[in-house]
Each structure stands twice: as structure tokens, then as C-alpha cells.
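Here is a brief report on one chain. Keep the sequence and the structure side by side while reading.

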Amino acid sequence: MDAFFEDISANNVPTPPTTQTTGPQPAQTTEISHIKALHKITDVGFNKILALLQKACSPSKGYNFPSSYYEIKKTYKKIGLGYESIHACINDCFLFWGSEDNLKMPNCPICKASRWKDPKKTKGKKVANKVVRYFPLTPRLQRMFNTKHIAKWMTWHATGQSKENGKMNHPCDGKAWKYFDMMKPEFFIVTL
Ligand SMILES: [Zn+2]
């Protein structure tokens, strides 16, 4: 999986087809997911496009597109790039999150708006009025430190401080940064 992540990070440009047949190509997956987000393509529509691409661009020609958006999301989750869906009040005053009581609430405790869409319009299905995507920071940072060429830049503030006495090139050369390093030595050591 590390190689997969490194490939994603290193390829911001379209990747030519290769003979890889073991799974979807990271760069293609990233690009097509970006298009989905930019143009607000629905999951159903996106899956249809993927099906067409799979048919038109077969692995024998060097392409390997994922079969569904669900498959892409599973892959992103595996490499620490997933997200949590949290229901929110339609008027933005409350998150149905945290305690068991909050998770069960059918109405916003502040403005009393319903948490759910009108069941008549959703064929009786419980569909939240508003969903917030939360991208947890810890697994993302772990992935960055796990990848050699990114970890180098993540620790730059500790290794790249100015060597010229009194010259400030970056906030890490400043008094505030140095004071923080002194107050939190465990953080400083971890980053080295
Ligand atoms: Zn509310």
C-alpha cells in the first residue's frame, strides 16, 4: 500500500497506460475522482461512466479502471484517506454526533428542525437532510510520515532551520517556534 500512496503523491500529471493488471491505477483513480467532485457527478452516474471506461479501455490495453465509486472509497480508506459522515442540522446549529443520545436524536435540539428528509420524497427511507464529511487528521499525518519523500518535507522545519546566526528565513527560525520546541521537547524529538 505504501507504493500505492507514493504513486498517488508523485503523479499529479496524467499517467500513460501501463501493463499493470493487478488493480486500478492510482493516478487514473485520483484523476477520475477529481472529475467526479469538480462536476458534482452522482454516484450512480459515476458508476455508469466507470462501467463504460472498463469496457472501452480494457486491461489488455494497459488500463485498469476501478469498478465502482464504492471500490475507490474503500481504497482511500485503506490508505488513511477516508472520511466520516456526520449528520448535521439543516440550519447548521447541531451535529448528531458524539454521545449515544446525540446519535439517536430525530430533531435538532436547538431549532427543532427534522434531522431527516421528508419520507414521502425518499420512499420511506431515512435520508439525512444534511451530511458533513469529517476528514480525520491523524491517519493522514501517519500516511505522510510513512512515505519517505513526504516525511522529508514534514520534518523540514526541524532540519532546515537557518544556519546563519540571527537570520530568519522561515517562522521555524523565530523565537516563538524555538520557544514551542523548548516547551514541548517530546514534539520536537518526534519530528526529528
Ligand atoms: Zn438546528
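## The hairpin

Six residues separate strand 1 from strand 2, and the two strands form a hairpin. In its turn, aspartate 92 has a positive phi of about 70°. The model is predicted.

The hairpin strands run antiparallel. Two bridges join strand 1 to strand 2. Histidine 87 takes part: its bridge partner in strand 2 is phenylalanine 96.

## The sheet

The hairpin belongs to an open sheet of three strands. What is the strand order? The order is 2-1-3, and the pairing is antiparallel. Strand 2 (95–96) and strand 3 (130–134) are the edge strands. Each of these two pairs on one side only.

Strand 1 covers residues 84–88. Its antiparallel pairing with strand 3 runs over five bridges. Two positions show the register. Isoleucine 86 stands opposite valine 132 in strand 3. Histidine 87 stands opposite valine 131, also in strand 3. Histidine 87 therefore has a partner on either strand: phenylalanine 96 in strand 2 and valine 131 in strand 3.## The whole chain

The secondary structure comes to ten helices and three strands. Along the sequence, the pattern is α-α-α-α-β-β-α-β-α-α-α-α-α. Strands 1 and 2 form the hairpin, and in the pattern a helix comes between the second strand and the third.

How much of the chain counts as buried? Of its 192 residues, 9% do. Contacts tell another part of the story. Among contacts with a separation of 6 or more, 44% are between residues 24 or more positions apart.

## Valine 44

Valine 44 is found in helix 3, which spans residues 43–56. Is valine 44 buried or exposed? Valine 44 is exposed, because 8 other C-beta atoms lie within 10 Å, and a residue with 12 or fewer counts as exposed.

Serine 68 lies 24 residues from valine 44 along the chain. The C-alpha atoms of valine 44 and serine 68 are separated by 9.1 Å.

Definitions and conventions:
Residues are numbered from 1 along each chain as its sequence is written. This is a predicted model: local features need pLDDT of at least 70, side-chain atom pairs count only at pLDDT 80 or more; totals for chains, interfaces and linings use all residues. Helices (H or I, at least four residues) and strands (E, at least two) are DSSP runs, numbered from the N terminus. A residue is buried if 20 or more other C-beta atoms lie within 10 Å of its own, exposed if 12 or fewer, and partly exposed in between; C-beta atoms are placed from the backbone. Two residues are in contact if their C-beta atoms, placed from the backbone, lie within 7 Å. Two strands pair if DSSP finds at least two bridges between them.
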